[in-house]
Amino acid sequence: MYSKQIIDRFQNPKNAGGLRGANGVGKVGNAKCGDIMKMYLLINEDEVIEEARFKTFGCVAAIASTDVACDLIKGKTIEEALKVTNQDVYKLLGTMPAHKIHCSVLAQESIHSAIEDYYKRKGKENKNI
């Protein structure tokens with residue numbers, strides 16, 4: 001059973017869609033379930049995430065997880081965003097079937113993937129990813 005928060009995030013995502021001018025774009029997926037998450041970040045010169053958006057092809061939990069992940073990293077530095085875990089996502093969403101918890105893991109991975117892309121574009125390497 002899904003929590004009210006998950007259903008609300010699925011039906012009314014706040015951060016859905018692409019992001020023109022994104023300077024960090026990450027894409028992750030799970031071959032078993034078919035979920036694909038693409039996260040777009042706009043990171044300023046102080047390495048603060050000004051905006052985060054997503055496009056997700058997947059189930060209710062996948063869409064809700066990515067939406068919450070975007071909220072969790074907006075306004076944070078890259079270093080702070082890298083500390084956001086799937087448990088942080090899961091705590092905000094509440095109850096979901098055990099076999100759907102991997103969606104929160106994918107959301108965490110999408111953050112890391114987008115930040116990794118940002119570093120590649122800047123010609124930097126980050127050992128924390």
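What follows is a chat between a visitor and a guide about the predicted model shown above.

Visitor: What makes up this chain, in helices and strands?

Guide: There are five helices and three strands. Going along the sequence, you meet them in the pattern α-β-β-β-α-α-α-α.

Visitor: Why is the chain called as compact as a globular protein of its length?

Guide: Set its radius of gyration against the globule rule: the chain comes out at 14 Å, and the rule gives 14 Å for 129 residues, so the chain is as compact as a globular protein of that length. As for the box that the C-alpha atoms fill, that is roughly 45 × 25 × 25 Å along the principal axes.

Visitor: How much of the chain is buried, and what supplies the exposed area?

Guide: Buried residues account for 47% of the 129. The chain exposes about 6900 Å², and 49% of that comes from carbon and sulfur atoms.

Visitor: What about the charges, where do their mean positions lie?

Guide: The chain has 19 positive and 16 negative charges, and their mean positions are 5 Å apart.

Visitor: On to the strands. How do you know that strand 1 and strand 2 pair?

Guide: Pairing takes at least two bridges. Six bridges join strand 1 to strand 2, and the two run antiparallel, so they pass that cut-off. Among the partners, Lys27 has Lys38 in strand 2, and Val28 has Met37. The two strands form a hairpin with six residues between them, and Gly34 in the turn has a positive phi of about 90°.

Visitor: And what makes strand 2 and strand 3 a pair?

Guide: Same cut-off of at least two bridges. Strand 2, residues 36-43, and strand 3, residues 49-57, have eight bridges in the antiparallel sense, so they count as paired too. Tyr40 has Arg53 as its bridge partner in strand 3, while Ile36 stands opposite Phe57.

Visitor: What is notable about Glu47?

Guide: Glu47 has a positive phi of about 60° although it is not a glycine. You'll find it in the loop between strand 2 and strand 3, a hairpin with five residues between the strands.

Visitor: How do the side chains of strand 1 point?

Guide: In a regular strand the side chains alternate between the two faces of the sheet. Here, Gly24, Gly26 and Val28 point to one face and are buried, while Val25, Lys27 and Gly29 point to the other and are not.

Visitor: Why is Lys27 called exposed?

Guide: Exposed means over 50% relative accessible area. Lys27 has 57%, so the label fits. Lys27 sits in strand 1, residues 24-29. Exposed or not, Lys27 has contacts: not counting residues up to four places away in sequence, it touches Ile36, Met37, Lys38 and Ser113. Ser113 is 86 residues away along the chain, yet the two C-alpha atoms are separated by 6.4 Å.

Visitor: Why does Pro97 count as buried?

Guide: Buried means under 20%. Pro97 has a relative accessibility of 17%, so it counts as buried. This proline is in the loop between helix 4 (86-93) and helix 5 (102-122). Leaving aside neighbours within four places in sequence, Pro97 is in contact with Met1 and Tyr2. From Pro97 to Ile36, C-alpha to C-alpha, it is 19 Å in space and 61 residues in sequence.

Visitor: What makes Ile115 buried?

Guide: The same test, under 20%: Ile115 has a relative accessible area of 0%, so it is buried. Ile115 belongs to helix 5. Its C-alpha is 9.5 Å from that of Met39, and the two residues are 76 apart in sequence.

Visitor: What share of the contacts join residues far apart in sequence, say at least 24?

Guide: Taking contacts between residues at least 6 apart, 62% join residues at least 24 apart.

Technical notes. Residues are numbered from 1 along each chain as its sequence is written. This is a predicted model: local features need pLDDT of at least 70, side-chain atom pairs count only at pLDDT 80 or more; totals for chains, interfaces and linings use all residues. Side-chain values use heavy atoms; hydrogens and water are left out. Helices (H or I, at least four residues) and strands (E, at least two) are DSSP runs, numbered from the N terminus. The radius of gyration is taken over C-alpha atoms; the globule rule is 2.2 Å times the number of residues to the power 0.38. Buried means under 20% relative accessible area, exposed over 50%, partly exposed in between (1.4 Å probe, protein chains only). Contact means heavy atoms within 4.5 Å. Accessible areas come from the Shrake-Rupley method with a 1.4 Å probe; for residues, only the protein chains shown count as cover. Lys and Arg count as positive and Asp and Glu as negative; His and the chain ends are not counted. The place of a charge is taken as NZ of Lys, CZ of Arg, CG of Asp or CD of Glu.
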